[in-house]
Amino acid sequence: VTAVSNSLRAQTMQSFNLEKEIEVIYNFVDFTRFKKTSKEHFKKAIAPNGEKILTHISNFREVKRVDDVIRVFDQVHQILPSKLLLIGDGPDRRKSESLCRELGLMDQIRFLGKQDAVEEILAISDVFLIPSANESFGLAALEAMACEVPVISSDVGGLPEVNIHGKTGYLSPIGAIEDMAKNTLKIIGNDQTLAQFRQNALEQAKKFALDLI
């Protein structure tokens with residue numbers, strides 16, 4: 001029996017009162033697909049005035065807390081010109097669109113729906129937001145890090161095993177919108193800091209390379 005994180009292993013042992021061993025085999029990332037590439041023409045189309053680009057990818061279910069993503073972005077955008085790209089589709093999408101209208105952010109946020117080439121979107125991103133209520137591992141975060149994108153995440157499940165607080169991004173309690181916004185600004189508010197976090201994210205992602213796992 002295997003689990004994709006130590007967190008999921010512990011949860012499983014507890015839930016099922018197991019005596020047999022569970023081996024942790026982490027999820028992996030394919031660097032032939034997920035890597036930083038130059039997409040300047042695409043970046044300019046999304047952020048023509050050099051705005052920072054925040055990104056979220058999910059299946060828009062309640063557990064993904066997409067509204068938190070939008071509220072974090074709202075606070076960031078008030079201080080630093082930025083754009084938000086939302087990739088994916090699901091039951092909460094309509095609610096999220098309503099929140100964007102309510103906050104007057106329709107010009108700053110793009111709902112891109114399901115995308116096959118998410119690596120091309122990650123290539124132009126400055127920060128990846130994943131404030132989930134639960135993640136057994138956080139594969140989307142790892143794929144972002146492989147593309148040199150720092151991660152702002154909740155501190156649940158396997159996420160702390162992927163995203164190293166203060167190094168590859170920041171961890172916050174579930175629903176801590178102000179903290180997540182503050183941490184996002186810490187990263188993107190200074191180009192030198194952003195460059196360091198990008199490098200750290202890539203180095204951490206390399207530990208989960210397909211051939212190693």
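Contact between two helices is taken here to mean heavy atoms within 4.5 Å. The structure is a predicted model, and the passage below describes the packing of three pairs of its helices and then its largest pocket.

Two packed helices are described by the angle between their axes and the distance between the axes. For helix α6, residues 139–146, and helix α9, residues 191–206, the axes come within 7 Å and cross at roughly 120°. Angles from 65 to 115 degrees count as roughly perpendicular and those over 145 as roughly antiparallel, and α6 and α9 are therefore oblique to each other. The crossing in which α6 passes α9 is left-handed. On the α6 side the contact involves L142, M145 and A146, which meet A201, L202, Q204 and A205 of α9. Sorted by class, the residues of this contact are 6 nonpolar and 1 polar, with no charged residues.

Helix α9 also packs against helix α8, the two axes lying 6 Å apart at an angle of about 100°. That angle makes α8 roughly perpendicular to α9. From α8 the residues K186, I187 and I188 take part, and from α9 the residues T193, L194 and F197. In this contact of α8 with α9, 4 residues are nonpolar, 1 is polar and 1 is charged.

Helix α8, which spans residues 177–188, has a further partner in helix α3, residues 66–79, and the axes of this pair come within 9 Å and cross at roughly 50°. Because angles under 35 degrees count as roughly parallel and those from 65 to 115 as roughly perpendicular, α3 is oblique to α8. Here α3 passes α8 in a right-handed crossing. The residues that α3 brings to the contact are D68, R71, V72, Q75, V76 and I79, while α8 brings I177, E178, M180, A181, T184, L185 and I188. By class, this contact of α3 with α8 comprises 8 nonpolar, 2 polar and 3 charged residues. Residue I188 of α8 thus appears both in the contact with α3 and in the contact with α9.

Turning to open space in the model, the largest pocket holds about 170 Å³. Its lining is formed by 13 residues, of which I57, S58, K64, I87 and A140 are the closest to the centre of the pocket. One of these, A140, falls within the residue range of helix α6. The lining as a whole divides by class into 5 nonpolar, 5 polar and 3 charged residues.

How values were computed:
Residues numbered from 1 in each chain as written. Predicted model: local features only at pLDDT ≥ 70, side-chain atom pairs only at ≥ 80, totals over all residues. Heavy atoms only, no water. 1 Å grid on protein atoms, 1.4 Å probe; cavity = no way out; pocket = protein on both sides within 12 Å on 5 of 7 lines; lining within 4 Å. Points joined across faces, edges and corners; volume = space filled by probe spheres on them. Nonpolar A, V, L, I, M, F, W, Y, C, P; charged D, E, K, R; others polar. Axes fitted to C-alpha atoms, helices over the stretch in contact; angles between N-to-C directions. Helix = DSSP H or I, 4+ residues; strand = E, 2+ residues; numbered from the N terminus. Left-handed = near helix turned anticlockwise from the far one by under 90°.
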